[in-house]
Amino acid sequence: MQAAGYADALARAEQFVRGNPELVAGAVAVAVLAVVVALGLLRYRRPMGVRFKEALADRDRVAVLMHPDPDPDAMAAAIGIARLAEQVACEPTIQFSGQIRHQENRAFRNVLDLDIEGIDHVSELAAESVVLVDHNQPRGFEGADGVLPFAVVDHHPGEGTGEEFTDVRTDYGAGASIVAEYFDDVGGKPVPPDVHESEVDARFTLPSRECTGLLYGILADTRHLTTGAAAEDFEAAASLAPGVDEDSLDRIANPQVSGETLDVKARAIAGRQVEGSFAVSDVGTLSNADAIPQAADELITLEGITAVVVVGERDGTVHLSGRSRDDRVHMGRALENAVADVPNAGAGGHARMGGGQVPADEEESREELIERLFDSLEGDV
């Protein structure tokens, strides 16, 4: 009886299909589309670290490219990405353009004994597959504008994207936090400084050198987790703690400071112009442009000052470095607005810190530049 009922239902279904082929085809198409959409959603809900790991695994080798004159956050993110690449049988080469001059940056490279290569031309890139780290548009070397990166990992504002993978999180204080999170996504574990990585029971591991570097990268870009740090930056720092080498961390954090840097800091303080709670200081001509942001770091600590810009010239370029602890001043936008009408000038950054460059032969006068900076800080530009 039951079998007869099934047979009757099957016969009626067959008759319906024969009589309404277009409806059946539509239903099948809808079902297929639903499956495709579900799989797509499932794919893109996977953690970014898992997706990036898989993207790296599809490459035989990659060039991990930092921005010109890389800072600790850029170098930290780069060595973390290189470590992840190595563990999926992808050969990484860390590269950069420009020079590493700042004493903190040099200490970071030397203490951690980083194997990184300088380049001047696009032909020197170690691989066709390029991962941009801590910036999202290639720059600083000949042919940079022709590079189409396969991946971008960054925390700065910008429109650059990767062909296959893009992870730009402007709410994070450091790129190193993003990379540390990747290892958490794939179940990676930090390796304590006195333990060999073979003793750690995990498919993915983060050696002490990389843990130390990533933690310092986070600390450096967030002023020790006091400026522009998101909850994720704190979580990333905590996740790295078991693998940190405290001696190496101390050596990086306390490098020797050049006499010129101390002199520039003194000139910035002594020569500051103050309007309300804003200060702008022109430190004149100098040989080490890295002293300018250090002077800005010093100036912002003065009582009663909530936003500062330090101006200095090196080799025909006027450098700007700003700091803000004033909710009314988005420093990156303030600097960008201040030089918007100056040919060949550029500036930008985050709410709390920013930088820019102006060709010395393009500015009308230093006094007018300083006036524009004050107007921009006040929101009048």
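These are my notebook entries on a predicted model, covering confidence, ring pairs, cores and a couple of helices.

**Confidence**

I started with pLDDT. The chain averages 90, and 88% of its residues reach 70 or more. I then looked up residues 34-43, where pLDDT stays under 50. For that stretch the model has one contact beyond four places in sequence, so I'm reading nothing into it.

**Aromatic pairs**

How many aromatic pairs does the structure hold? I get four. I pulled up F52 and Y182: ring centres 5.3 Å apart, planes at 45°, so I log the pair as tilted. It brings together distant parts of the chain, since F52 belongs to helix α3 (residues 48-57) and Y182 to helix α6 (residues 175-185), 130 residues apart.

Are these two rings buried or exposed? F52 has 0% relative accessibility, so I count it as buried. Y182 also goes down as buried, because its relative accessible area is 0%.

Next I checked F165 against Y182. Their centres are 6.4 Å apart and the planes meet at 75°, so this pair is edge-to-face. F165 comes from strand β6 (residues 165-168) and Y182 from helix α6, so the pair ties together parts 17 residues apart in sequence. F165 is at 3% relative accessibility, so it is buried as well. Putting the pairs together, I have F52, F165 and Y182 linked into a cluster.

**Charges over rings**

I looked for charged ends sitting over rings. R59 has its charged end over the ring of F150, 4.2 Å from the ring centre. R203 does likewise with F204, at 4.4 Å from the centre.

**Nonpolar cores**

Which residues touch the most other members of the largest nonpolar core? The core has 57 residues, and the answer is F52, L56 and V131. Helix α4 (residues 72-86) gives the most to this core, with 10 residues.

I listed the contacts of V131, skipping residues up to four places away in sequence: F52, L56, V62, A63, V64, L65, I81, F150 and A151. Two names there turn up elsewhere in my notes: F52 pairs with Y182, and F150 has the charged end of R59 over its ring.

Apart from this core lies another, of 20 residues. V280, V329, V342 and L377 are among them.

**Helix α7**

I checked the length of helix α7 (residues 208-221). With 14 residues at 1.5 Å a residue, it should span 20 Å, and its end C-alpha atoms are 20 Å apart, so the two agree.

Why do I call α7 largely enclosed by the rest of the structure? Because 12 of its 14 residues are buried. I wrote them down: S208, E210, C211, T212, G213, L214, L215, Y216, G217, I218, L219 and D221. The buried list holds charged side chains too, including E210 and D221. Just after α7, R223 takes a positive phi of about 50°.

**S248**

Last lookup: S248, which has its place in helix α9 (residues 246-253). It sits at 11% relative accessibility, so I count it as buried, the cut-off being under 20%. Leaving aside neighbours within four places in sequence, S248 is in contact with V111 and T212. T212 is one of the buried residues of α7, so that contact runs from α9 to α7.

Note on methods. Residues are numbered from 1 along each chain as its sequence is written. This is a predicted model: local features need pLDDT of at least 70, side-chain atom pairs count only at pLDDT 80 or more; totals for chains, interfaces and linings use all residues. Side-chain values use heavy atoms; hydrogens and water are left out. Helices (H or I, at least four residues) and strands (E, at least two) are DSSP runs, numbered from the N terminus. Buried means under 20% relative accessible area, exposed over 50%, partly exposed in between (1.4 Å probe, protein chains only). Contact means heavy atoms within 4.5 Å. pLDDT is the predictor's confidence in each residue, from 0 to 100. Rings of Phe, Tyr and Trp (its six-membered ring) pair if their centres lie within 6.5 Å; planes under 30 degrees apart count as stacked, over 60 as edge-to-face and the rest as tilted. A charge sits over a ring if NZ of Lys or CZ of Arg is within 6 Å of the ring centre and within 35 degrees of the ring normal. The expected span of a helix is 1.5 Å times one less than its number of residues. A nonpolar core is a set of buried Ala, Val, Leu, Ile, Met, Phe, Trp, Tyr and Cys residues joined through side-chain atoms within 4.5 Å.
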